[in-house]
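The following exercises concern surface and charge features of a single protein chain. Please work through each task before reading its solution.

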Amino acid sequence: IRGVVLDSANGLPLGSAVVSVTDAASLIHSASTLSDGTYTISDIPPGGFNGTINKGGYSSAVIYGTAVSGQATVADAALTPVPPIISNIQVNNITSSKADILWTTDQPTDGRVDYGFTVIYDNTAYSALQTTAHSMFLSNLTPGRTYHFRITSTNSYEFSSSSVDNTFNTVGPITLSISYPLDNSAFSQPYISVEGAVTNSLGNETGV
């Protein structure tokens with residue numbers, strides 16, 4: 001049995017993929033692909049065979065066929081890369097200058113957050129830690145601004161995935177609105193009670 005194993009995403013040959021074949025006598029034969037993606041398994045008895053081709057970072061491929069005495073049976077395959085899946089994106093603990101970006105991946109990856117006032121993303125935060133639960137702390141942000149951000153996660157096989165553009169708003173200046181006493185009021189007592197409301201830049205009341 002001979003064949004060639006390719007990367008389905010770019011058509012390039014895949015070396016070091018493991019080919020495992022079970023022959024008609026239920027014996028298992030194995031071989032690894034060379035740098036040009038080719039492999040050869042000799043001494044296969046006549047009859048049906050089936051097997052799998054595996055390589056880290058790729059989905060498995062199934063091969064099968066019938067071996068004929070004195071002939072080479074060709075069993076080619078293409079393996080599909082398995083990039084990480086990014087989910088559960090959250091933005092927590094937003095203040096006027098800080099924010100926490102959280103997300104999860106279905107496999108261990110590093111983490112990168114590109115962020116800025118526009119989708120040009122002129123700032124980057126990065127962690128090389130390979131994990132499935134990610135947290136990125138952004139600091140030195142500008143108060144009262146809308147920030148765009150995009151997450152990129154790369155696994156140990158160098159396959160990456162990126163999120164769509166997301167946004168969050170930093171807290172802006174605090175506004176104090178006094179409802180009592182009224183403007184130009186005159187008082188003779190030494191102490192008075194002042195009433196009003198405090199709101200942030202998002203229009204949310206934060207105190208009375």
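**Exercise 1.** Where is the place of F187: in which loop, and between which strands?

*Solution.* The model is a predicted one. In it, F187 belongs to the loop that runs between β14 (175-180) and β15 (195-199). The next step is accessibility: F187 has a relative accessible area of 34%. Partly exposed covers the range between under 20% (buried) and over 50% (exposed), so F187 is classed as partly exposed. Finally, F187 takes part in a nonpolar surface patch together with L176, I178, Y180, I192 and V194. The accessible area of this patch is about 580 Å² in total.

**Exercise 2.** Determine how many salt bridges the structure holds, and identify the residues linked in a network.

*Solution.* The structure has 2 salt bridges. In one of them, the side chain of D114 meets that of R112 at 3.1 Å, N to O. In another, D114 pairs with R150 at 3.8 Å, N to O. This pair connects distant parts of the chain, with D114 in strand β9 (residues 99-116) and R150 in strand β11 (residues 146-154), 36 residues apart. R112, D114 and R150 are thereby joined in a salt-bridge network.

**Exercise 3.** Classify D114, R112 and R150: which are buried and which are partly exposed?

*Solution.* Begin with the acid: D114 has a relative accessible area of 7%. Buried means under 20%, therefore D114 is buried. Turn next to the arginines: R112 is partly exposed at 30% relative accessibility, and R150 is also partly exposed, with a value of 29%.

Definitions and conventions:
Residues are numbered from 1 along each chain as its sequence is written. This is a predicted model: local features need pLDDT of at least 70, side-chain atom pairs count only at pLDDT 80 or more; totals for chains, interfaces and linings use all residues. Side-chain values use heavy atoms; hydrogens and water are left out. Patches are made of residues with over 30% relative accessible area and no salt bridge: like charges are joined within 9 Å, nonpolar side chains (Val, Leu, Ile, Met, Phe, Trp, Tyr) within 5 Å. Accessible areas come from the Shrake-Rupley method with a 1.4 Å probe; for residues, only the protein chains shown count as cover. A salt bridge is a side-chain nitrogen of Lys or Arg within 4 Å of a carboxyl oxygen of Asp or Glu. Helices (H or I, at least four residues) and strands (E, at least two) are DSSP runs, numbered from the N terminus. Buried means under 20% relative accessible area, exposed over 50%, partly exposed in between (1.4 Å probe, protein chains only).
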